[in-house]
Every structure is written in C-alpha cells, then in structure tokens.
Amino acid sequence: MKNFLSIGFVTGIIGQIVGTAIGIGLLTGIRAMMGLAPKSEPAAVLGAALGIIGFMIGVGGFRDWFTWAKGEDTYEAEEFHDRPGVIRYWGYSLDHKVIGVQYGILSLLLMVLGGTFALIFRTELAQSGMQFISLDFFNTLIGMHGMVLIISILMGISAMSNYLVPLLIGAKDMAFPRLNAFGFWLAVPASVVIVAAIFTGGFDTGWTGYPPLSARAPLGMQMFFVAVFFAGWSSIIGALNLIVTILRMRAPGMNMFRMPIFAWAVLATSLIALTATQLIGTSFQMVSFQRLFGMGFFDPAKGGNPLLFQHLFWFYSHPAVYVFILPGLGIISELLPVFVRKPLFGYKWVAMSSMGIALVGFLVWAHHMFTSGMEEYLRVPFMYSTLLVAVPTGIKFFSWTATIWQGRMRFATPMLFTLGAIVVFLLGGLTGPPLGTVATDLHLHDTYFVVGHFHDTLFGGYMFPLFAAIYFWYPKITGRRMNETLGKIHFYLMTPSFLVMTFGQMAVGLLGMRRRIADYDPAQGFQTTNLIVTIAAFLIALSILIFFINLFVSARKGEVAEGNIWESRSPEWALLPSPAPEHNYAQPFNVVGDPYDYGLKGSKYVETAPQQAAD
Amino acid sequence: MTTPATTLEKQAYKIGTARIGLWLFFLSDSFVFAALLVSRFYLLGDKRPHLEQGLGLIVTSVLLISSFFMNRAEVQISQGNRKGFVTSTLITMLLGIGFLVGVVGFEWGLAPFGPADGVEGAMFYMMTGMHAFHVLTGVVFLFIILRNGIKGRYSPEKHWAVEAAANYWHFVDLVWIFFYPALYLIGRV
C-alpha cells in the first residue's frame with residue numbers, strides 16, 4: 001500500500017479528488033452561509049479547476065518551486081535519478097526522455113478514446129434514421145471526438161519534441177526540466193476533466209464551442225472549457241521550454257543552419273503554440289464568464305457580438321492546425337534522407353518554409369468565417385493570405401520529391417509511413433484551396449468536404465509521421481525493434497482504408513451532406529457512401545489495433561536493436577546505444593558538418609569531442 | 001575538478017537561459033491582454049464606460065510610481081545595499097496593494113454597472129479583473145523576494161529572483177499603460 005501511494009500518478013489523482021471536493025464544497029458552503037440556494041455550475045467549475053491544481057500538488061509538481069520560494073536550494077536536474085523499471089513512467093520525473101514517453105502514453109490513450117467516439121457515431125451514420133444513440137449524445141460525441149483528439153495530437157507533438165529535440169541537438173535535457181514535468185502533468189488532470197464532460201450532461205456545439213449555443217449548452221460545456229484552458233496552458237509551457245532549449249542548448253558547432261529539420265519545425269510550431277494558444281484560452285474563458293457572471297461579451301441582447309468569439313477562437317485554432325502538422329512535416333524531412341540515402345534537397349529552404357508557414361498562419365484565421373456574416377471586405381484579403389500558405393508548403397513538397405529523385409529507396413516500415421504521409425498530405429493540400437477560395441467555400445462550408453480535407457491534412461501531417469516516428473525511434477526507447485511484418489500489415493491496411501474514408505467523406509460533402517449531422521434523408525443518395533465510410537473507419541481501427549499489439553509485444557519479444565540500425569547520421573543513432581542512457585551523451589560531441597549529407601564521401605556530421613579536463 | 005570560474009560561467013549561462021524563458025512568457029501573456037484590448041475596441045468602438053476619472057488617475061499614478069521603486073530595489077540589491085532593497089521592495093508592494101484597493105475596492109464599487117449589465121460592464125470587469133489578477137500575483141512574488149531579502153539570501157552576484165519579479169512587475173505596469181487609456185480616455189461616454 002505504501003509502495004502504491006508513492007506512485008506520482010496515484011497521489012495526483014487523490015489530490016484531484018480532494019481538490020474537486022474542496023472546490024465544490026467551498027462554493028456551496030459560501031452560498032449556504034449567505035443564505036443562497038446551491039448552484040451547480042459555479043461549484044462544478046471551481047471544483048474542476050481546483051481539482052487540477054490539487055492533482056499538481058499531489059503529483060509533486062509544485063514541490064521544488066515552493067522550496068525555491070522559501071529561499072532554499074534544491075538538487076540540480078542532472079542529479080535526478082528515476083526509479084528503475086517501467087514504474088518510472090507513472091511518477092514525477094525530470095528526465096526529458098521519460099516525460100516524452102509519458103506524453104506518448106497519454107497521447108495514445110486519448111487517441112484510442114477519441115477514435116472510439118468516432119466509431120460509435122460512424123456506426124450511427126452507417127444508415128439513415130436514428131439507430132441506437134440519442135441526438136444529444138451524438139452531438140457530445142462529435143465535439144468530444146474533435147477536442148479529445150486535438151489534445152491527443154498536442155500531447156503527441158510534445159511526446160516527439162520532448163523525446164527527440166534534446167537528443168537531436170546534443171543537450172543533456174530540456175532547458176527547464178521542472179517546468180517540463182509540470183507541463184506534462186497538467187495535461188493529465190485536464191484530460192480527466194474533459195472526459196468528465198460526457199458525464200455532466202455533455203455539450204452540443206461541436207469542438208468549436210461557438211456562442212450563443214455554447215452559452216446555453218449543458219454543464220458539460222464548462223468542463224470542456226476548463227479542460228481546454230489547462231491543456232492549453234500545458235501546451236504553452238511546453239512550447240516555451242522547447243524554444244529556449246533549441247536556442248540555448250545546442251551542441252558546439254551546431255549553428256542554426258546545421259540543426260536537424262525537426263528542430264526547425266518544432267521551433268516554428270512552438271512560436272505559434274506559445275502565443276496563439278492564449279487566445280483560445282481567453283475566448284473560452286470569456287464564454288465561461290458569460291455563463292457564470294452574465295458578462296455579455298457574445299450576447300447581442302447586452303450589446304455583445306458572437307462574431308468576436310469566432311475571431312478570437314480562430315486566431316488560435318487556425319494556426320493550431322500548423323502546430324499539429326509542422327512537427328510531422330519535420331519528421332518526413334528527417335526520415336526521408338535516411339531511407340533514400342541522399343542529402344535533403346534545399347535544406348535552408350525547408351527550414352525557412354516551416355517558419356514561413358508559421359508566420360503566414362497568423363494571417364489567415366478569418367477564412368473560417370466567410371459565411372459567418374463578418375464584414376464582406378475582409379473576405380478577399382483572407383482568401384489571398386490563405387492561398388499564400390501553399391507557397392511554403394509547396395517548397396516542402398518540391399524538396400521531398402527532389403530528395404526521393406534517383407535515390408536508393410529502402411522500404412522499411414518507417415519509410416512506408418513517410419511516403420504515405422506525403423501522399424495523404426498532398427491530398428489534404430490539394431483540397432485546401434477550394435475551401436480557401438470564397439466562391440467555392442460558400443458552397444462547401446460546413447459540409448463533409450471539410451471533414452474529408454481536415455482528416456487528410458491531419459493524417460498526412462500528423463498521424464502517418466507519428467507512426468513513422470514511433471517505428472523509427474521505438475528501439476531508442478526500448479532497445480528492441482518493432483515487428484516489421486505487423487508494421488507492414490498496419491500500413492497496407494490503414495492507407496487504402498483511410499483513402500476510401502476521406503474520399504467518401506468528400507463525395508458526400510459535395511452532394512451536400514452537412515458536417516456534425518446526426519441523421520440524413522435516404523433520398524439524398526449518400527447512404528451507400530456513408531456505409532463504406534463507416535466500414536473504412538472500422539478497418540482503420542483494426543489496423544491501429546494491430547499497431548498496439550505490435551507496440552506491446554515488441555517491448556518484450558522484439559529483435560534486439562544494436563548499434564546504428566538505420567545507418568542514420570543523427571547523433572542519437574551514431575553515438576548512443578539503445579535504449580538511450582539517462583542524461584543522454586556521457587561525452588559531448590561537436591558538429592562538424594551538415595546533417596543530411598548522405599552518400600557524400602568523407603562527409604561527417606558529428607564527432608565525439610576530444611576528452612577535456614573533467615569539470 | 002570544479003574551478004570557481006567555470007561554476008560562475010555556468011551560473012551566468014543558466015541565468016541567461018532563464019531570462020529568455022521569462023521574456024517568452026511575457027510575449028505569451030501579452031497575447032491575453034492584446035486579445036482583451038482588441039475585444040474592447042471591437043465591442044465598444046468609440047464608446048467608453050462611465051468611470052471615476054479622478055480615481056483612475058490616482059491608481060495609474062500609484063502603479064507608475066511603484067515601478068520606480070521596483071527599479072530602485074533591483075539596483076540597490078545589485079549594489080549590495082540590502083537595507084535599501086528591503087525598504088524599496090516594501091514600498092513597491094504597498095503601492096501595488098494600494099492599486100488593487102483602488103481598482104477592486106473602490107472603482108468596482110463606484111462603477112454604475114455590474115458585470116452583467118451590458119457589454120461595457122463585461123469588458124470593464126474582464127480587463128481590470130485580469131490585470132488585477134496579474135498585479136496580485138506580482139504582489140505575491142514581491143512578498144517572496146522581500147522575505148528572502150530580509151533573510152539575506154540575495155547578493156549583488158546572485159539575485160535572479162529579484163530581477164524576474166522586477167521585470168514581471170514592469171510588464172504588468174506596461175499593460176496598464178495600454179489599458180488605462182482604453183478604459184478611461186479613448187472615446188465618448
């Protein structure tokens with residue numbers, strides 16, 4: 001029992017329960033003392049927020065900072081040692097690799113959850129007529145599918161960047177290890193709160209939470225707001241940490257233009273996440289306050305304007321999709337040269353295109369609002385800025401094509417997923433301009449065409465690269481390779497199913513099926529397509545089940561990975577054993593060449609630094 | 001072998017790193033205030049809420065003067081003047097609390113509208129509330145550095161916490177320089 005209570009996760013959950021109870025009790029108690037009737041909504045909001053803070057206290061996220069505030073010193077992060085074994089993933093750790101894996105576990109858990117929501121409502125949509133779920137529950141599932149997977153994606157990005165960035169740039173850890181741990185653990189209670197939204201009445205707005213509907217939705221809406229607020233905080237903290245790490249912790253000789261492309265992608269992503277995330281937090285907080293205190297920001301009866309919410313919301317939520325895809329595109333550029341044995345074409349352009357996408361991404365938000373009734377003169381400028389995004393994205397495609405050109409390709413599983421990512425993301429890219437162009441968007445807005453486009457971009461920009469990254473770096477975590485056969489089955493089952501699914505979605509969208517709709521008239525003629533889409537969705541789920549079996553079985557039974565199994569030039573393969581040791585590089589290294597000069601004779605990227613006087 | 005020089009250099013590099021982190025936090029936080037500022041002009045345009053002009057001028061002066069003492073405190077600790085540091089920090093803290101009393105205690109009570117009375121009220125309480133929350137956290141930081149300063153934990157070489165608290169204080173002050181005209185001066189009642 002004592003052992004059980006020493007696990008950070010357990011004490012955190014206990015803290016969350018206590019915090020929630022205190023929050024609910026406090027508000028109810030105060031109201032009772034003032035002689036007012038108990039009100040469930042403010043109590044629930046305060047309970048959820050204090051519950052999250054309670055979790056952070058329980059898990060030990062504040063401990064060292066309180067010590068500092070008292071004016072005492074703590075141990076250095078380099079002196080921190082984890083408990084041996086798998087148990088270390090369940091508690092507070094300062095090691096960036098452990099935190100990266102923790103992020104990964106949380107991300108995959110949420111992915112399964114969000115995917116399950118989709119399977120439920122896809123089953124409902126397979127036929128017209130309401131089969132087995134209520135309309136309210138359908139709406140909740142739609143919104144939850146969106147937001148749970150968005151949080152999952154943010155966690156997945158943090159997983160990749162936390163695990164990889166210090167390894168790739170030759171740092172011992174992140175710049176602020178305690179902040180790093182804090183950022184991760186914050187996302188855990190936030191995930192608990194968002195799941196609580198289902199059990200507190202759900203919400204019927206979809207993931208966007210537009211007022212005026214969100215100002216009237218059931219209590220679940222508030223849980224959704226609180227959860228997103230804190231998950232966003234986690235994302236901001238992670239982004240801040242990554243920027244500082246990339247700017248300050250690089251190995252000697254690694255100037256900005258010798259950084260791995262993935263580090264560039266993470267830098268661009270983090271700049272967006274650091275700044276824009278504040279706006280989704282603020283906008284959700286404003287709706288929350290409108291519900292709690294009657295502040296009429298978005299209530300026309302009080303002089304407010306619902307359009308303001310859309311502006312604030314999309315100022316984050318459009319750049320957010322670049323947050324989702326840029327690290328994935330970085331992974332593509334990172335893995336492609338390894339498997340075609342050629343230098344990455346146009347390194348500087350690829351690096352700068354990430355920054356370009358991030359920059360232009362800030363200027364396009366109102367293309368989500370062409371049909372919202374905003375000022376008409378805003379339409380055309382936002383159309384052009386949106387189409388401008390295609391330029392830096394196109395640079396990436398040219399680079400990938402030219403890199404593949406005449407290369408000696410090796411079709412290992414990570415490479416398959418990299419190629420799949422390029423193809424699927426291309427489809428996502430090509431279906432974007434019709435939505436960014438005002439004339440066509442007026443027809444396509446809020447149809448399943450948008451759903452198809454969005455799934456293409458996110459599978460191409462995030463899911464496929466994520467799987468590629470997992471298959472590629474899994475041996476660094478466990479010391480064993482994942483099974484190639486199962487990996488290939490996963491790929492060859494998922495890719496065609498996925499393409500069928502999104503083509504089906506776009507087809508019914510063009511025929512006029514609206515997104516987020518629970519039922520449709522059989523006379524509209526998209527019943528068969530919907531059935532096919534549902535079957536494809538289940539096939540994707542099956543392929544991901546195979547992936548999970550592979551993930552678990554390979555951890556114990558996989559082929560032992562020794563040495564540089566992919567013949568990569570990157571330091572974590574060239575210099576480190578698998579699994580990667582605590583505190584990374586025992587001996588510092590110097591960067592003496594360019595990162596992707598595969599196949600060039602005599603070129604070197606890293607070399608171990610000559611032994612210095614120990615210090 | 002640890003030589004003092006390398007430890008000092010390491011310390012300096014670490015503080016440089018922390019400094020970038022702090023300024024990135026300011027950048028991030030300023031987006032919240034920018035969002036509120038934009039919302040104010042989007043919703044109210046050239047209308048402004050009816051507020052106590054005299055009180056507004058007083059609290060603004062109090063906050064600006066507090067920044068002067070904050071800067072003095074930082075300079076004094078970097079010159080090894082511990083006593084002066086404690087006095088200046090205490091004055092800053094008291095002025096900060098004075099600002100909070102002025103805004104939350106008086107202006108919130110004197111304003112002819114509540115948060116639920118129309119969009120002027122909503123915007124006014126949201127902006128001043130969010131800013132007051134930041135002032136409050138600033139006061140908490142000041143309390144921490146005051147306590148540690150009295151205990152003699154800071155030296156001219158080692159006072160990163162003071163620098164961080166001071167910069168945060170100036171940042172929150174700077175926000176008010178934008179919020180004050182937006183709420184009190186620009187537009188017609």
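Start with chain B, coloured by secondary structure: this predicted model gives chain B five helices and zero strands. Walk along chain B from the N terminus and the elements run α-α-α-α-α. Now show just the C-alpha trace of chain B, which spans about 70 × 30 × 20 Å along its principal axes. Chain B has 189 residues, and 50% of them count as buried. If you turn on contacts within chain B, take the ones between residues at least 6 apart in sequence: 82% of these join residues at least 24 apart.

**Next stop: where chain A meets chain B**

Bring chain A back and select the residues in contact across the two chains. You should pick up 39 residues from chain A and 37 residues from chain B. The size of an interface is often given as the accessible area lost when the parts come together. Here, the area buried between chain A and chain B is about 3100 Å², and carbon and sulfur atoms give 65% of it. Looking for salt bridges across the interface of chain A and chain B? The rule finds zero. Polar contacts are another story to click through: eight residue pairs make them across the interface of chain A and chain B, with both residues at pLDDT 80 or more.

Which elements of chain A should you colour on the side that touches chain B? Pick α4 (63-69), α9 (220-248), α10 and α11 (306-340) of chain A, since each shows up on the list of elements giving two or more residues to that side. Then highlight α10(A), which gives the most to the side of chain A that touches chain B, with nine residues. Colour that side of chain A by class and you get 21 nonpolar, 11 polar and seven charged residues.

**Stay on α10: T269(A)**

Helix α10 of chain A covers residues 261-293, and T269(A) lies in it. Is T269(A) buried or exposed? At 4% relative accessibility, under the 20% cut-off, T269(A) counts as buried. Show what surrounds the residue: beyond neighbours within four places in sequence, T269(A) is in contact with Y322(A), V323(A), L326(A) and P327(A).

**Now the aromatic rings**

Show the Phe, Tyr and Trp side chains everywhere, and the count comes to 68 aromatic pairs over all chains. A pair of aromatic rings is described by the distance of the centres and the angle of the planes. Zoom in on F397(A) and W400(A): their ring centres are 5.1 Å apart and their planes sit at 75 degrees, so this pair is edge-to-face. Both residues lie in helix α14 (residues 390-404) of chain A, three residues apart, or about one turn of the helix. F397(A) and W400(A) are both buried.

For a bigger selection, try the cluster that ring pairs link together: F203(A), W207(A), Y210(A), F224(A), F225(A), F284(A), F297(A), F298(A), F309(A), F313(A) and W314(A).

**Last stop: N483(A)**

Go to the loop between α18 (448-478) and α19 (484-510) of chain A, where you will find N483(A). N483(A) is partly exposed, with a relative accessible area of 35%. Leaving out residues up to four places away in sequence, N483(A) touches N550(A) and S554(A). Show the side chain of N483(A) too: one of its polar atoms lies 2.8 Å from the backbone nitrogen of T485(A). To finish, draw a distance line between the C-alpha atoms of N483(A) and W185(A), 298 residues apart along the chain, and it should read 31 Å.

Methods: Residues are numbered from 1 along each chain as its sequence is written. Chains are lettered from A and ligands numbered from 1 in the order in which they are written. Side-chain values use heavy atoms; hydrogens and water are left out. Helices (H or I, at least four residues) and strands (E, at least two) are DSSP runs, numbered from the N terminus. Buried means under 20% relative accessible area, exposed over 50%, partly exposed in between (1.4 Å probe, protein chains only). Contact means heavy atoms within 4.5 Å. A polar contact is a pair of N or O atoms within 3.5 Å; within protein, one must be able to donate a hydrogen and the other to accept it, and residues adjacent in sequence count only if both atoms are side-chain atoms. Buried area is the accessible area (1.4 Å probe) that two parts lose on being put together, summed over both. A salt bridge is a side-chain nitrogen of Lys or Arg within 4 Å of a carboxyl oxygen of Asp or Glu. Ala, Val, Leu, Ile, Met, Phe, Trp, Tyr, Cys and Pro count as nonpolar, Asp, Glu, Lys and Arg as charged, and the others, Gly among them, as polar. Rings of Phe, Tyr and Trp (its six-membered ring) pair if their centres lie within 6.5 Å; planes under 30 degrees apart count as stacked, over 60 as edge-to-face and the rest as tilted.
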